[in-house]
Amino acid sequence: MSWFTLPGGVPWLTLTLVIPLAGALLVALAPAVAKNVIKQLGIVSALITLLLVLAIIGGYQHGMGNLHFQFEESLKWIPSAGISYHLGVDGLSLFLLGLNALLFLLAIVVADPVTPRFKEFILLFLILEAATAGILLSLDLILFYVFWEAMLVPLYFLIGVWGEGRRVYAAFKFLIYTVIGSFAMLVAILAVAAINFSQTGKPSFDWTQLILHPASGSWQMPLGLGTIGIQQLLFIGFALAFLIKMPIFPLHTWLPVAYTSAPIPVVIVFAGLVSKLGAYGLVRFNLALFPDAAHSFGPFLALLATIGILYGAFMALVQTDLKRLVAYASMSHLGFIGLGIFAANLLGIEGALVQMINHGVIIAALFLIVGMIERRAGTRLRAELLGLAAVAPVFAALFLIVSLAALGLPGLNGFVGEFLIMLGAWTAFVPLAVAAGIGVILAAWYVLRFYQGSFQETPPKPAGFTELRWVDTGVLIPLLALMVVIGISPNFFPAAVDATVKALPVLLR
Amino acid sequence: MDALGPLVLLAPLVGFLLLALFGRLLPRPLVGWIGAGAVGLAFVFALAILSQVLGGQTLDQTYFTWWQSGDFFVPFNLYLDPLSTLMILVITGIGFMILVYSIGYMGSDPGFARFFAYMDLFVLSMLLLVMSGNLVWLIIGWAGVGLSSYLLIGFWYERTSAVLAARKAFVMNTIGDVGMVFAAFMIFLNLHVLDYRGLFSRVHLLPKGGTVITVICLLLLVGAVAKSAQLPLHTWLPDAMEGPTPVSALIHAATMVTAGVYLVARMHLLYDWAPAAATTVAVVGGVTAFFAATIGTSQVDIKRILAYSTMSQIGYMFLAVGIGAYAAGMFHFMTHAFFKALLFMAAGNVIHAFHDDQDIRHMGNLRAGLPITFWTFLIGTLSISGFPLFAGFFSKDEIIRAALSAAGSEFWLGILALITAGLTAFYMFRLFLTAFGWEWLAHDERHLHEALPVQTIPVIILAAGAVVAGYIPVAKFLSPVFGHAAEVGAAAFWGLAALSVLVGLIGFFFAYLLYARRPELAVAWRTRIAPLHALVEHKYYIDELYDRVFVRPGFALARFLNDVIETRVIDGAVNGLADFVMVEAREFRLIQTGRVRNYGLVMLGGALGVVLIVAAFLGYLPFRLGG
């Protein structure tokens with residue numbers, strides 16, 4: 001079943017990559033002084049991409065299990081090495097694709113044309129959008145790696161050039177972390193393909209092929225360190241890249257400084273989407289290709305994820321800079337996603353998948369709000385803000401709804417994912433679920449401190465704070481709508497993704 | 001009936017949305033009547049449901065699917081039986097009175113529309129809580145109640161004390177929510193259902209009195225205790241007095257704190273199956289009833305005294321449902337709703353007359369100045385004290401009788417409840433005699449003004465209820481849910497009645513002696529028991545204890561993580577490693593050499609990759625392939 005049927009014979013997925021790139025090309029041709037034209041070009045290409053992705057989501061057939069991909073496209077690239085241009089979408093990537101398109105649109109809408117070198121800024125944004133979409137759509141591991149690295153470059157410049165504060169330090173730290181992770185992943189990709197080659201005699205980097213022949217056997221480590229399973233080794237290679245990107249405790253220290261330095265449009269995409277790509281990679285590759293290793297490392301990684309929940313929550317409690325506070329809140333929430341993934345059962349993984357969308361929506365809204373506060377107040381320090389609800393009641397109301405979603409209020413979207421994740425975790429490891437529950441209580445604490453500390457009490461300060469403009473309300477409304485809709489009636493989500501998740505090898509053992 | 005259920009929810013939902021979105025644009029009178037009218041309309045629908053339930057109908061209707069995946073199935077379904085019908089009647093009926101009263105009480109507040117929007121949201125959440133036919137939507141309603149109370153307690157958000165009180169209420173309620181969520185997990189994992197019908201039919205598959213069902217019931221109790229302000233999660237309730245007085249009336253009478261009682265009654269099949277957990281409920285209730293009553297004797301803020309009286313009365317209800325006297329607990333819930341709403345609203349009139357002064361020692365002699373409020377408050381006081389033939393008399397006696405006729409620990413809880421009844425009469429008449437007085441002041445120079453009719457009429461209606469509600473056959477109405485209660489002999493009935501009246505009279509006598517007749521005695525006695533009095537007056541120092549044990553260590557830990565672990569340990573290790581590898585990292589310049597260097601790094605990764613591709617296909621990887 002699907003909402004409607006899209007005509008066949010159209011490379012729908014390639015279009016979602018090409019449209020942002022075409023937009024980037026037009027931006028490149030535009031004169032740098034025509035900042036409004038550049039912004040409109042960016043908005044139009046992001047909007048068309050979003051409409052296209054919505055069409056894909058609407059045309060997606062529900063209930064097609066057994067590792068079935070839709071809108072598949074496959075072109076030969078380097079046939080001798082088994083490398084191809086293979087795209088497809090399934091339940092794991094479908095809604096993330098939508099999140100990707102939505103967040104890029106919002107980010108470009110809030111990008112300020114007075115930004116220096118605005119042309120390059122938008123240009124990099126559109127390239128980044130194509131890269132992140134490519135990560136979600138690639139079914140060939142080399143293709144995936146290319147997109148993964150392609151994402152890094154614009155992101156690095158967006159922080160390093162347009163950032164604030166210790167931007168160079170932040171960008172460089174992020175780069176070092178990421179390169180280490182990427183390198184480990186590259187080695188693992190090559191090794192996976194090599195093992196598959198030795199098993200089948202046919203070179204292939206294709207996910208749909210590799211999943212059929214999970215690696216086995218073990219490796220005698222040098223220096224008498226004992227043996228380790230090949231699958232475990234490969235798992236570590238992939239996981240390192242993804243765990244850094246999420247990030248999972250204790251690989252997170254690039255995060256606060258990177259999020260804090262990044263300008264608001266960048267951090268929306270960075271926190272809202274890129275962190276989710278790490279989580280996506282864990283499900284797509286680690287859970288799918290290395291099910292045995294996923295089970296053997298699951299408890300340990302779930303423990304790290306749970307520590308991250310509590311650690312991020314405690315850190316958020318004492319931050320004085322709102323952007324930093326949201327950065328740690330994000331880390332805490334990502335711990336939930338990690339916990340769901342490593343619970344490695346149906347409800348845990350589905351909870352993690354829906355929470356990826358929820359987290360993207362919520363954290364983007366929170367960072368947008370921090371940006372709106374900073375633009376009006378000239379500061380993000382909690383101590384310099386007070387009682388703003390009196391001068392900006394609409395702002396206060398929308399901020400409150402976002403806060404409630406962030407603290408997981410039942411009836412809004414954050415609860416849906418947290419409930420399923422904790423249920424999945426409870427099935428697998430009760431103590432971790434209980435610890436996550438403490439994280440929920442801490443979230444209520446730090447989120448309300450954040451809201452009340454800036455918008456309640458009296459007298460209002462700083463002076464001159466103003467109410468939301470229409471464009472501000474406009475970018476928040478779609479996110480708020482998603483918070484309510486997913487909270488009240490989320491069944492569209494399992495209807496679409498259930499079949500894919502059930503077919504994951506990690507659940508079939 | 002399929003349509004009536006959603007209509008009951010729809011009325012306050014529409015009211016809430018209208019006021020939240022357009023409230024500031026609408027004229028004030030319209031705002032008030034939309035806010036109150038929405039709940040009044042819901043009451044009309046509830047009456048229609050009542051007529052069908054009286055005809056023997058029930059409802060369990062699914063309207064849409066919330067989440068389905070494997071055997072995890074959560075519908076949105078409404079469950080209407082006599083129990084939930086009684087609840088929605090009280091919520092909408094008493095709620096309507098409170099909202100009409102608010103039109104007058106909040107008349108000059110600049111946040112008028114916001115107030116009514118929140119109140120409608122409150123009623124909506126509470127209705128959802130009692131009408132839901134499954135645990136997930138129960139939790140959603142449950143949390144909605146917590147949210148609404150947060151919004152209303154912190155309604156005057158300019159006040160720091162209100163902001164802190166609101167947050168405290170929310171966080172403590174969240175603790176309860178998490179307990180409920182865990183209970184739902186255990187139910188699902190053991191019985192594979194989350195809807196009531198399935199749950200109630202399968203609960204017998206668990207071993208009776210076993211660990212699983214006991215833990216489930218105790219986790220549910222965590223939620224119930226937090227929401228109903230019972231020990232040990234009660235500390236938010238007195239602080240909740242920061243909200244406007246009608247909010248207190250709504251929280252204490254029609255919604256919120258009664259939710260815990262409803263939960264245990266709704267889950268009575270589970271508690272019947274877990275005797276140890278049920279006994280825990282009873283002990284929590286009995287002890288809280290006594291504990292709160294003792295604090296009530298020492299407070300001087302009129303609303304705080306009423307708040308502790310609520311805690312105490314809810315304790316009675318917990319005691320009742322804990323010993324299996326479910327109908328008695330629900331009966332007391334209903335009579336309490338009348339007299340407690342009345343008491344708060346009458347107190348609100350007094351507070352207005354005294355320009356927001358809430359200290360009972362500044363009041364007194366109100367019979368001439370505030371005649372309606374005086375007489376209605378007296379009716380409420382008599383009812384809560386269990387004066388014969390008033391509503392509270394019947395329902396409280398039923399609980400005490402049920403406890404006394406039980407064997408074992410329940411018997412002692414019954415004795416405790418009897419003593420608490422005496423304390424109740426004492427602190428309520430202390431309040432009444434101090435704040436309202438007994439003598440006729442011939443010449444009152446304070447120029448007190450009685451409240452507007454829109455405030456006094458609802459109070460009068462509730463006063464009538466506080467007298468006659470005891471004659472409503474609630475137990476019979478609920479018998480399809482809880483079965484028929486045992487017949488009570490006339491001797492037992494009147495014997496206990498005499499006993500409890502005697503206890504009440506003793507309480508009254510001491511209140512009269514100390515606060516009307518010989519006030520100097522009160523001073524003398526208080527100095528004689530000074531340490532004990534300080535302990536009670538400071539609410540047994542539980543707030544201070546929680547502050548030392550949870551709040552401060554929590555912050556200390558957070559600061560330690562932030563100042564030491566994050567910066568010095570984790571990041572210190574990372575940066576130290578980085579410095580070791582790349583000494584010149586700090587002088588890094590993006591525009592000059594840096595960019596090249598970064599590209600170099602990426603290219604290095606790429607080059608290594610190419611080397612490895614070649615190596616892989618030539619078979620030079622450092623392990624044997626394929627096992």
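What follows is a chat between a visitor and a guide about a predicted model.

Visitor: Let's start with chain B as a whole: how many helices and strands does its secondary structure come to?
Guide: This is a predicted model, so keep that in mind throughout. The C-alpha atoms of chain B fill a box of roughly 105 × 55 × 55 Å along the principal axes. Inside that box, the secondary structure of chain B comes to 25 helices and 2 strands.

Visitor: What percentage of the residues in chain B is buried?
Guide: To count as buried, a residue needs 20 or more other C-beta atoms within 10 Å of its own. Chain B has 627 residues, and the buried share of them is 55%.

Visitor: And of the contacts in chain B with a separation of 6 or more, what share comes from residues 24 or more positions apart?
Guide: Here's one pair to picture: Leu423(B) and Thr294(B) sit 129 residues apart in sequence, but their C-alpha atoms are 7.1 Å apart in space. Across chain B, the share from residues 24 or more positions apart is 80%.

Visitor: Is Leu423(B) buried or exposed?
Guide: Leu423(B) is found in helix H18 of chain B, residues 409–435. Leaving out residues up to four places away in sequence, Leu423(B) touches Ala293(B), Thr294(B), Thr297(B) and Gly507(B). Leu423(B) has 22 C-beta neighbours inside 10 Å, and the cut-off is 20 or more, so it counts as buried.

Visitor: Which residues have the most contacts inside the largest nonpolar core?
Guide: That core has 458 residues. One residue in it, Ala341(B), touches Ile94(B), Met97(B), Ile98(B), Ala249(B), Ala253(B), Ala254(B) and Leu462(B), not counting residues up to four places away in sequence. The residues with the most contacts inside the core are Leu127(B) and Ala341(B).

Visitor: Now the strands: what is the bridge partner of Trp67(B) in E2(B)?
Guide: Strand E1 (residues 59–69) and strand E2 (residues 72–80) of chain B pair in the antiparallel sense over 9 bridges. Their hairpin has 2 residues between the strands, and Gly70(B) takes a positive phi near 60 degrees there. Trp67(B) has as its bridge partner in E2(B) Val74(B).

Visitor: Which helix gives the most to the side of chain A that touches chain B?
Guide: In all, 59 residues of chain A are in contact with 58 residues of chain B. Several helices of chain A each supply at least two residues of that side, among them H5 (141–162), H11 (291–317) and H13 (346–377). By class, the side of chain A has 40 nonpolar, 16 polar and 3 charged residues. The top contributor, with 16 residues, is H6(A).

Visitor: Where in H11(A) does the kink lie?
Guide: H11(A) has 27 residues and spans 37 Å from its first C-alpha to its last, close to the 39 Å expected at 1.5 Å a residue. Even with that span, H11(A) has a kink of about 50 degrees, shortly before the proline Pro299(A). The kink lies at Gly298(A).

Visitor: How does His295(A) count, given its C-beta neighbours inside 10 Å?
Guide: The place of His295(A) is in helix H11 of chain A. Its C-alpha atom is 28 Å from that of Ala329(A), 34 residues apart along the chain. His295(A) has 14 C-beta neighbours, between the cut-offs of 12 or fewer for exposed and 20 or more for buried, so it counts as partly exposed.

Visitor: Which residue does a cis peptide bond join to Met246(A)?
Guide: Look in the loop between helix H8 (230–245) and helix H9 (254–261) of chain A. Omega at that bond is about -10 degrees. The residue joined to Met246(A) is Pro247(A).

Visitor: And what is omega for the cis peptide bond that joins Lys461(A) and Pro462(A)?
Guide: Pro462(A) is found in the loop between H16 and helix H17 (470–488) of chain A. For the bond joining Lys461(A) and Pro462(A), omega is about 0 degrees.

Visitor: Is Arg117(A) buried or exposed?
Guide: Arg117(A) is in the loop between helix H3 (94–110) and helix H4 (118–137) of chain A. Phi of Arg117(A) is near 50 degrees, a positive value in a residue other than glycine. With 12 other C-beta atoms within 10 Å, and 12 or fewer as the cut-off, Arg117(A) is exposed.

Note on methods: Residues are numbered from 1 along each chain as its sequence is written. Chains are lettered from A and ligands numbered from 1 in the order in which they are written. This is a predicted model: local features need pLDDT of at least 70, side-chain atom pairs count only at pLDDT 80 or more; totals for chains, interfaces and linings use all residues. Two strands pair if DSSP finds at least two bridges between them. Helices (H or I, at least four residues) and strands (E, at least two) are DSSP runs, numbered from the N terminus. Two residues are in contact if their C-beta atoms, placed from the backbone, lie within 7 Å. Ala, Val, Leu, Ile, Met, Phe, Trp, Tyr, Cys and Pro count as nonpolar, Asp, Glu, Lys and Arg as charged, and the others, Gly among them, as polar. A nonpolar core is a set of buried Ala, Val, Leu, Ile, Met, Phe, Trp, Tyr and Cys residues joined through C-beta atoms within 7 Å. The expected span of a helix is 1.5 Å times one less than its number of residues. The bend at a residue is the angle between axes fitted to the seven residues ending there and the seven starting there.
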